[in-house]
There are 2 protein chains.
Amino acid sequence: MADIARLAGVSTSTVSRALSHSPLVNQETRDRILDLARSLNYTINIGAQNLRLQQNRTVAVVIPIDQSSRQQLSDPFFLSMLGSLADALSEQGFDTLVSRVDADRVDAASAPFDGGRAIGVILIGQGRHHDQLNKMAARGVPFVVWGAQLPQQLYTTVGGDNVTGGRLATERLLAQGRRRIAFLGDTTLPEVEQRYRGHVQALAAHGIAPDPQLQVAVSFLPESGGQAVAELARRGVDYDAMFASSDLLAMKAIHAMRAQGRDVPADVAVVGYDDIELSGYFHPPLTTIGQPRDVAARALVDALLVLVDGRSAPSVKLPTELIARASA
Amino acid sequence: MADIARLAGVSTSTVSRALSHSPLVNQETRDRILDLARSLNYTINIGAQNLRLQQNRTVAVVIPIDQSSRQQLSDPFFLSMLGSLADALSEQGFDTLVSRVDADRVDAASAPFDGGRAIGVILIGQGRHHDQLNKMAARGVPFVVWGAQLPQQLYTTVGGDNVTGGRLATERLLAQGRRRIAFLGDTTLPEVEQRYRGHVQALAAHGIAPDPQLQVAVSFLPESGGQAVAELARRGVDYDAMFASSDLLAMKAIHAMRAQGRDVPADVAVVGYDDIELSGYFHPPLTTIGQPRDVAARALVDALLVLVDGRSAPSVKLPTELIARASA
DNA sequence: GTGAAAGCGCTAACAA
DNA sequence: TTGTTAGCGCTTTCAC
């Protein structure tokens, strides 16, 4: 900026004003400065501007990962949510800073905010540490979580209606005459727990008591789908249907069942969750519960901006719908 | 920092030194300051620190998107590359700033660097605008591209060995006695063009001339796979194999062929490209060309850091391998 | 319509 | 071992 000022024979104040299109500066001077800036490929230093203006157009998007499994983030649903968030944020003129945190230390997600790098944080996935999030909220960190609404929650969540989702999935299977429905999912995660609750509700409505033998507590590990099917086989338990708490899990399980010579949907009808892009192209095309990423992303961003504004943002429960395809 | 200084009864310099664990400051003073900082939930303002230090630990990861189709970024390969990059960068202590640019204006990718937000840029995908990238390089922007190595290239690329990849895929199909191999891909993209070149080489080695009727110039659009299969049907052209330039495309095409009653691999053997996670769980499990994301991500980051260091970084061609599964 | 000066939060040379 | 001071690149009040 000093260079431009010198070349234009004005002060840096004038350059600053010209670059911000201030009407205070003479039209002609302004044009000269803008031309100069362009020809020098000059761009304003955003860090310095932010510092001076005490503002910031950056939002941190943080993904908790299970350190124990050291797994790369790979669930297409989360990845695609990240894409949608980047879109929604840039639509609103915000930059997106991506980072991961250990799922056991989700409170570390506030780092970009604490360090003044971001005006707020969007957490994709809530993990098991409700308490850490509550503390973070108490500390005044503006953040929004993609996840389930929980009792005594001091922070804002945006999430699908997991109970209804679980119910819809199970009802679909029941409607097809299936009665022995395996449930695959890690119910220590609030979202999955709610889906399981919906599942049990639907069973109850049909007078069926949930059979613990049919519930497999897989975590979201690489080989989880295959392991779950193996576990069911080991238990020697009979099942004619399966509700998997993610499409990825469902696909892996179907793959494993196929290796056992079981046909989907003839032998086992399967419903997944998330409606990732590939679900429709899978064989058989996967019946699943839709969670619209772009709507979710916009809701997350909107809620965060409200928080940043100092107002309080209510948690949002987005409607879910059954996407009926061939697998069930 | 001023608050802490006041409370600790020292100057901000001392606080600054204490926070950076400088040995210059008295052990006891340092502990007092660090305790104070912790109890106040104080974190250094990175923007100010960067400004003062003229440094920066942020790298921009930019994804070109086809504005015409306004499609959400959805190819799992790119998304998963983004994940691997975020991992590789944070391993090296860098933050990741994500943004998109119009594929027709890839030179806009330099914005985060120009604005001092990032020390360099990693571009996932090269697009069609070699010239814009060359100009960007001439301007001195430190950036690395995931893509194909081209003649007269002033910038650094890291990419798979696409020609070999194309050759391996086609040889696999030829080895199974297939002779009428459809090629699906947008050959205006350098990477795809190179894969096509490898394809033609393999055909030539078997004395087969490429049949233009078998080449379908799909772009990476949502319905591209289905459209391509429809197009082949419209042309009334016979084929007993298919080489798709991405796994996503392959899966969509297989889905469409199945709807036509054609069996994979019995009627049509299919080879994809990328080896995305779901390829192994697809039905039939997809034979494909592996492009290791984590290795690629590390290579991209390493190359960028060399550039940022002011040195020149050679382009890298990573080995590709055939992942043999059931689809071919 | 323009410039001088102060200050955003931080660090480092220099002095004590 | 610590403090004083200047300055990173920018914006804005105040004065002219």
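# Two chains and their sheets

Good morning. Helix H12 of chain B, residues 293-308, lies across five strands of its own chain: E1 (58-65), E3 (120-124), E4 (143-146), E5 and E11. Against E4(B), helix H12(B) runs at about 160°. Please keep in mind throughout that this is a predicted model.

Let me turn to the sheet to which those strands belong. It is an open sheet of 12 strands, and the pairing is mixed. The order is E11(A)-E5(A)-E4(A)-E3(A)-E1(A)-E2(A)-E2(B)-E1(B)-E3(B)-E4(B)-E5(B)-E11(B). Which strands stand at the edges? They are strand E11 (316-318) of chain A and strand E11 (316-318) of chain B. Each has a single partner strand, so one side of each is left without a neighbour in the sheet. On average, and with direction ignored, neighbouring strands of this sheet are turned by 20° against each other.

How do the two chains relate to one another? Chain B is superposed on chain A by a rotation of 180° with 0.1 Å of shift along its axis, at an RMSD of 0.1 Å. That is the relation of a two-fold axis. Within chain B, the C-alpha nearest the axis belongs to Leu97(B), at 2.2 Å from it. Both copies use the same surface, in that 100% of the contact residues of chain B recur in chain A.

I should now like to look at strand E1 of chain A. Strand E1(A) is mostly covered, with 8 of its 8 residues buried. Thr58(A), Ala60(A), Val62(A) and Pro64(A) point one way from E1(A), whereas Val59(A), Val61(A), Ile63(A) and Ile65(A) point the other way. This follows a general pattern: in a regular strand the side chains alternate between the two faces of the sheet.

Which partners does E1(A) have? Strand E1(A) pairs in the parallel sense with strand E2 (residues 95-102) of chain A over 8 bridges, and the bridge partner of Ala60(A) in E2(A) is Leu97(A). Strand E1(A), residues 58-65, also pairs in the parallel sense with E3(A), over 4 bridges. There, Val61(A) stands opposite Ile122(A), and Val62(A) stands opposite Leu123(A).

Strands E3 and E4 of chain A also take part in covering a helix. Helix H7 of chain A, residues 130-138, has as its buried residues Gln132(A), Leu133(A), Asn134(A) and Met136(A). The cover over these residues includes strand E3 (120-124) and strand E4 (143-146) of chain A. After H7(A) comes Gly140(A), with a positive phi near 90°.

In strand E5 of chain B, residues 156-160, we find Thr156(B). Is Thr156(B) buried or exposed? Thr156(B) is buried, because its relative accessible area is 6%, under the cut-off of 20%. A polar atom of the Thr156(B) side chain lies 2.8 Å from the backbone oxygen of Ala313(B). Beyond its neighbours within four places in sequence, Thr156(B) is in contact with residues including Phe143(B), Val145(B), Leu307(B) and Ser315(B).

Next, a second sheet in chain B. This open sheet of 4 strands has the order E7-E6-E8-E9, with parallel pairing. Its edge strands are E7 (215-216) and E9 (269-271) of chain B, each of which pairs on one side only. Strand E6(B), residues 181-184, pairs with E7(B) over 2 bridges, and Phe183(B) stands opposite Gln215(B) in E7(B). Two helices lie across E6, E8 and E9 of chain B. Helix H8(B), residues 162-175, does so at about 165° to E8(B), and helix H11(B), residues 247-259, at about 145° to E8(B).

Following E7(B), in the loop before helix H10 (224-235) of chain B, lies Val218(B). Val218(B) is buried, with a relative accessible area of 7%. Its C-alpha is separated by 6.3 Å from that of Leu184(B), although the two residues are 34 residues apart along the chain. Val218(B) touches Leu184(B) and, among others, Asp186(B), Ala228(B) and Leu249(B).

Leu184(B) brings me to my final topic, the nonpolar core. The largest nonpolar core has 113 residues, of which Leu184(A), Met242(A), Leu184(B) and Met242(B) touch the most other members. Not counting residues up to four places away in sequence, Met242(A) touches residues including Leu173(A), Leu184(A), Val229(A), Met257(A) and Val270(A). In soluble globular proteins, nonpolar side chains tend to be buried together. Thank you for your attention.

Note on methods
Residues are numbered from 1 along each chain as its sequence is written. Chains are lettered from A and ligands numbered from 1 in the order in which they are written. This is a predicted model: local features need pLDDT of at least 70, side-chain atom pairs count only at pLDDT 80 or more; totals for chains, interfaces and linings use all residues. Side-chain values use heavy atoms; hydrogens and water are left out. Copies are superposed by least squares on the C-alpha atoms of residues with pLDDT of at least 70 in both. Contact means heavy atoms within 4.5 Å. A nonpolar core is a set of buried Ala, Val, Leu, Ile, Met, Phe, Trp, Tyr and Cys residues joined through side-chain atoms within 4.5 Å. Buried means under 20% relative accessible area, exposed over 50%, partly exposed in between (1.4 Å probe, protein chains only). A polar contact is a pair of N or O atoms within 3.5 Å; within protein, one must be able to donate a hydrogen and the other to accept it, and residues adjacent in sequence count only if both atoms are side-chain atoms. Two strands pair if DSSP finds at least two bridges between them. Axes are lines fitted to C-alpha atoms, for helices over the stretch in contact, and angles run from 0 to 180 degrees between N-to-C directions.
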